[in-house]
Each structure stands twice: as structure tokens, then as C-alpha cells.
Amino acid sequence: MIVSIPKNSDFSIHNIPFGIFSTKDRSPRAGVAIGEHILDLAALAELDVFNFNTAVLEQKHLNDFISLGKNITSKVRTDIQAWLQDDNSILAGNPELFVKQSEAQMHMPIHVGDYTDFYSSIEHATNVGKMFRNPENALLPNWKHIPVGYHGRASSIIVSGQAIHRPNGQTLPKDSTTPVFGPSQRLDFELEMGFVVGKDTKMGETISTNEAENYIFGLVLFNDWSARDIQKWEYVPLGPFLAKNFASSISPWIVTLEALEPFRMPGPKQEPMVLPYLAYSGEKNYDINLEVGITPENGEETTVCHSNFKHMYWNMVQQLAHHTVNGCNVHVGDMMASGTISGKDENSYGSMLELAWMGTKPLKLKDGTERKFINDGDTVTMRGYGEKGGIRVGFGEVSTKVLPAK
Ligand code: CA
């Protein structure tokens, strides 16, 4: 192996995820993570190893690289895997091709043109339904027929490491009919995964569930920040707005769909049967362990949630088929988030709303303090990885600190 890869690294030889990084003397450019290093793809291109227009590797987003198509991007990945394992390859004797991740700054890997957020975990939708509507009949009548979603805001999607301010907004105090303005008192995370669209469609075209994987480049961890008190007052009748669009954070490395192959598994049985355009064949869920930690200012991290992407009721190919069934066009770099990923157990719920059950069951952190929602100074960190038969492929983390309201 050309570089040493620590055991249990998310960025094993099986992964080879793509991102955009810079260092003191390297402008933002494409790279792949390997162990604790980054392979500089722009520098590698100067050695004339690629037979495509390598200007796409010197740009500050991966959109044009992804647009080359999977025939090319997949070959880049498998070539790099082969070169890394060949001590006589082009990578040998060229230490300038590698930089330490600790010395690099990560950037948004893609320009996100459009962002859609689904609501595809049955456990999450059921928990929210129990809290806000009817405990006996928590799911709305459409939920098992439609991968429910809404159009989010692309402009405020940020990369891990960038802090956010607690949002201000309108809320309705308890037992009042007059709203007040001020910082949200119920700031929450949502544990999600997002997939990045890898191929354009034209308006009027549809994507079938059979074709959908050709349109998915890869996945990231996705923290869909939410202000529950603002949401409660504003969402009737048109749905999420300012409670959701102030920030969503993503992990910087896009893990390709190919790298996740070993972790495929069947999804939950869908009953009642879905309409024909949502039917699919094959295994479309993925066994990806997920966790969320809260670190208070100058404090120690407490893990508050263990969940898994395998729990999703609606899978990505169904989401994409549904999204385009009316002819809505999608573009390379569009972000499609899963919705909060909750499991069955109380410690697998993917938001503070559920974990602390609307504030009725506060969580205790290691420092003895309690949380119903997220405090100023807290850093929320999400991690995810698949592991099977000695193969580990991980996402690294998405970590975001919450600063006081402006
Ligand atoms: Ca969400």
C-alpha cells in the first residue's frame, strides 16, 4: 500500500470518496480521502494519467467532474484503488500527491442547485404523528402511498466545520394567541443521509426505479437543522419554511454508490402495495450505522443516538422515481435528503424532539447537564459507516457548532 491506512479507518481502500479541499499552498481542488491523507487529484492529473479534460479537477465544486458520467468517475475510483495497492504505480515516489487531512480545509463538495427533503422513516413519521396528532393513528393517510417530501433551500447548505447561529423567528407562546419574536428555544438536529444527483434529466422526462441508480452519484451525512417552535407556528397550511431553511450541514466526502455495494440489504416490506411506478426489484436499502453526539462548550462528547440507514421505509430509487414522475427535471449536484432516520428503539431516534419526547424526557449528558433541545455552544456531530466481512466504508463526520442568536 502506498500510504498506511489505520485499522477501522472510514477511508479504507474500499471507499475512495470524492471531495474538495485546499491547503495553505493549494487552491480548492478535487481529492479523494485515503486513511488520514488526501490524494490530490489535480496534482495527479498533471502526471497525465487521465484521459478526460482534467480541468474539472481544479474547480471548486465537483459538479463538472460528476457530469463526466459514471463510466469515467467509476474508472477514476477503481484506477486509484489499483494504484494505491501497487508499490510501483504512478503514485509511488510522488509524496507531493498526498496531503494530511489534518492540514487541509474541506469545502462544499458540490454546488447544490436544488434541495429536496423527504420524510421516509416510518418510525420518525410515526413518532411525530403521535406527538402532534393522534397517538392511535399517527401516520397520515398518504404516508404509505407517497414518499412524502418538500422543496428545501439550497443556499444555506453548508459543509461540516462551519458554525451556525441560532435562528430568530416568530413563535407562539403557550396559551397565547399573539406571536413573539426572538431566538428559537427549540433548536434541533435531524439525522439524515443525502444523495447527490449524478446525471441531468430534461423537463418532462421521468426516471424509473430501474434506472434510478444511474442518476445517483453518492451519499453524504446530512444534518437538517430545525427550529421546532418556529415550525409549529408557521407550517400551516403550506409546510416547512423559516424553521428549516436557515441551515443544513453535510459531511465533506461524497461516498459513491459503488463503494456502498457491500452494504446493500432488503428494505422493510411495503404494505399496502405501492403503485406500479414506485415498485422496484432488488435490494435498495443500505446497512449504514449512524450516530449523533453532543459536545457542550469546552466539554466532552456524549453519544445521544445510534441509528441505521437500513430503517428507511422508502428507498432512494423510489424517492427519485416519485420526484420525477410528473416530469420535474433534476440536475447534477441536486441534493435529496432522506428525512430523519429513526429506528425502533428509544436511543435510535434521529432528533432531540423524539429523543427527549417533546421535552418531557430530558437527556443527561456526561457533564451532568440536561438537554431537551440544543444549547448555544453545543457542537452536534454525526458519523456513519458500513462494516461487513472486514470491509469498512465510512463517511467521516458532519460537525456543527451552534453560536448564540445574532
Ligand atoms: Ca428533514
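Contact here means heavy atoms within 4.5 Å. The model is predicted. In this model, five strands form an open, antiparallel sheet, and the largest nonpolar core has 53 residues. Another core, of 44 residues, lies apart from that one.

**The sheet**
- The strand order is β4-β3-β2-β1-β5, with antiparallel pairing.
- Strands β4 (98-100) and β5 (105-107) each have a single partner strand, so they stand at the edges and one side of each is left without a neighbour in the sheet.
- From one strand to the next, the twist averages 45°.
- Strands β2 (residues 26-34) and β3 (residues 37-40) run antiparallel and are joined by four bridges.
- Gly31 has Asp40 of β3 as its bridge partner.
- Helix α3 (residues 70-84) lies across β1 (18-23), β2, β3 and β4, and runs at about 65° to β1.

**The nonpolar cores**
- In the core of 53 residues, those touching the most other members are Phe189, Met193, Leu219, Trp225, Leu260, Val304 and Phe309.
- Leu260 touches Leu219, Val255, Tyr286, Ile288, Val393 and Phe395, leaving aside residues up to four places away in sequence.
- The separate core of 44 residues includes Ile13, Ile80, Ile110 and Ala337.

**Asn127**
- Asn127 belongs to helix α4 (residues 122-132).
- The relative accessible area of Asn127 is 5%; because buried means under 20%, Asn127 counts as buried.
- Leaving aside residues up to four places away in sequence, Asn127 touches Tyr349, Glu354 and Trp357.

Methods
Residues are numbered from 1 along each chain as its sequence is written. This is a predicted model: local features need pLDDT of at least 70, side-chain atom pairs count only at pLDDT 80 or more; totals for chains, interfaces and linings use all residues. Side-chain values use heavy atoms; hydrogens and water are left out. Helices (H or I, at least four residues) and strands (E, at least two) are DSSP runs, numbered from the N terminus. Buried means under 20% relative accessible area, exposed over 50%, partly exposed in between (1.4 Å probe, protein chains only). Two strands pair if DSSP finds at least two bridges between them. Axes are lines fitted to C-alpha atoms, for helices over the stretch in contact, and angles run from 0 to 180 degrees between N-to-C directions. A nonpolar core is a set of buried Ala, Val, Leu, Ile, Met, Phe, Trp, Tyr and Cys residues joined through side-chain atoms within 4.5 Å.
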